[in-house]
Amino acid sequence: MTTVLVSCSGASADPPTETSASPSPSASAAAPEEEALAVYEGMWAVIAEQSRTTDPDYAALEPYATGQALDFASESLKARAQDGVVARGAPVHSPEADNVDAEAAAVVIRDCVDTTAWLQEDAESGELVEESPREPIRRQAEATVSRDGQTWKVSELLLGQAGSC
C-alpha cells in the first residue's frame with residue numbers, strides 16, 4: 001500500500017455532520033477491537049476538526065495517535081496549513097477490525113475512507129481549491145492500533161491512492 005498525504009477534495013449534497021472527539025478510551029471490559037475502533041474513529045474526528053484551521057492543535061492528536069501515525073497526521077495538517085488550505089465537511093469511514101492479536105495488544109483496522117465531502121478551500125477567500133469531483137473519492141486505509149499499558153493508540157496509518165477501494 002502506498003502512503004499518501006491526506007489532502008483531499010470532493011463534494012456532496014449533504015456534508016457529514018461534525019463530531020467532537022472524545023478522550024482516548026483506556027483498557028476496560030470492552031473487546032480489543034471495540035477499543036481500537038473507538039480510538040481510530042477518534043483520531044479521524046480530530047484530524048477532520050483540526051483540518052478546519054490554519055493553526056491546528058497537533059497536541060489534540062496525542063490521546064489517539066503515536067509514532068508514525070502521529071507524525072503522518074501532524075505533517076499532513078501542517079502541510080495544509082502552510083498552503084493556506086482549510087477543509088470543510090469530513091471524511092466518511094467504514095472501518096473494520098481485521099486482525100486482532102489480544103496477546104500482542106494490537107488490532108489492524110481496514111477502512112475505505114471516502115473523502116468526497118471533505119472539501120479543501122482557500123483559508124482567506126473561502127473558495128474551493130479544487131473543483132468538486134463528479135465521482136466518489138475513496139482511499140483504502142490500514143491502521144495498526146496498539147495498547148501501551150492501559151491506553152490504545154493508532155501507531156501506524158497507511159493511506160492508498162484515490163480509487164484504491
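This text goes through the disulfide, one helix residue and the nonpolar core of a predicted model.

The structure holds one disulfide. Its partners are Cys112 and Cys165, whose sulfur atoms lie 2.0 Å apart. The torsion about the S-S bond of Cys112 and Cys165 is about 85°, so the disulfide is right-handed. The bond links distant parts of the chain: Cys112 belongs to strand β3 (residues 106-114), while Cys165 sits in the segment after β6 (151-159), and 53 residues separate the two. Cys165 has a relative accessible area of 39% and is therefore partly exposed, since the partly exposed class runs between 20% and 50%.

Helix α1 spans residues 32-50, and Gln50 is part of this helix. Is Gln50 buried or exposed? Gln50 counts as buried because its relative accessibility is 9%, and the cut-off for buried is under 20%. Apart from neighbours within four places in sequence, Gln50 is in contact with Pro56, Asp57, Ala60 and Leu77. Leu61 is 11 residues from Gln50 in sequence, with a C-alpha to C-alpha distance of 9.2 Å.

Leu61 also appears in the largest nonpolar core, which has 27 residues. Along with Leu61, the residues with the most contacts inside this core are Tyr40, Met43, Trp44, Val154 and Leu157. At least two core residues come from each of α1, α2 (67-82), β3, β5 (138-148) and β6. Helix α1 gives the most, with seven residues. In soluble globular proteins, nonpolar side chains tend to be buried together.

Terms used
Residues are numbered from 1 along each chain as its sequence is written. This is a predicted model: local features need pLDDT of at least 70, side-chain atom pairs count only at pLDDT 80 or more; totals for chains, interfaces and linings use all residues. Side-chain values use heavy atoms; hydrogens and water are left out. A disulfide is a pair of cysteine sulfur atoms within 2.5 Å. Helices (H or I, at least four residues) and strands (E, at least two) are DSSP runs, numbered from the N terminus. Buried means under 20% relative accessible area, exposed over 50%, partly exposed in between (1.4 Å probe, protein chains only). Contact means heavy atoms within 4.5 Å. A nonpolar core is a set of buried Ala, Val, Leu, Ile, Met, Phe, Trp, Tyr and Cys residues joined through side-chain atoms within 4.5 Å.
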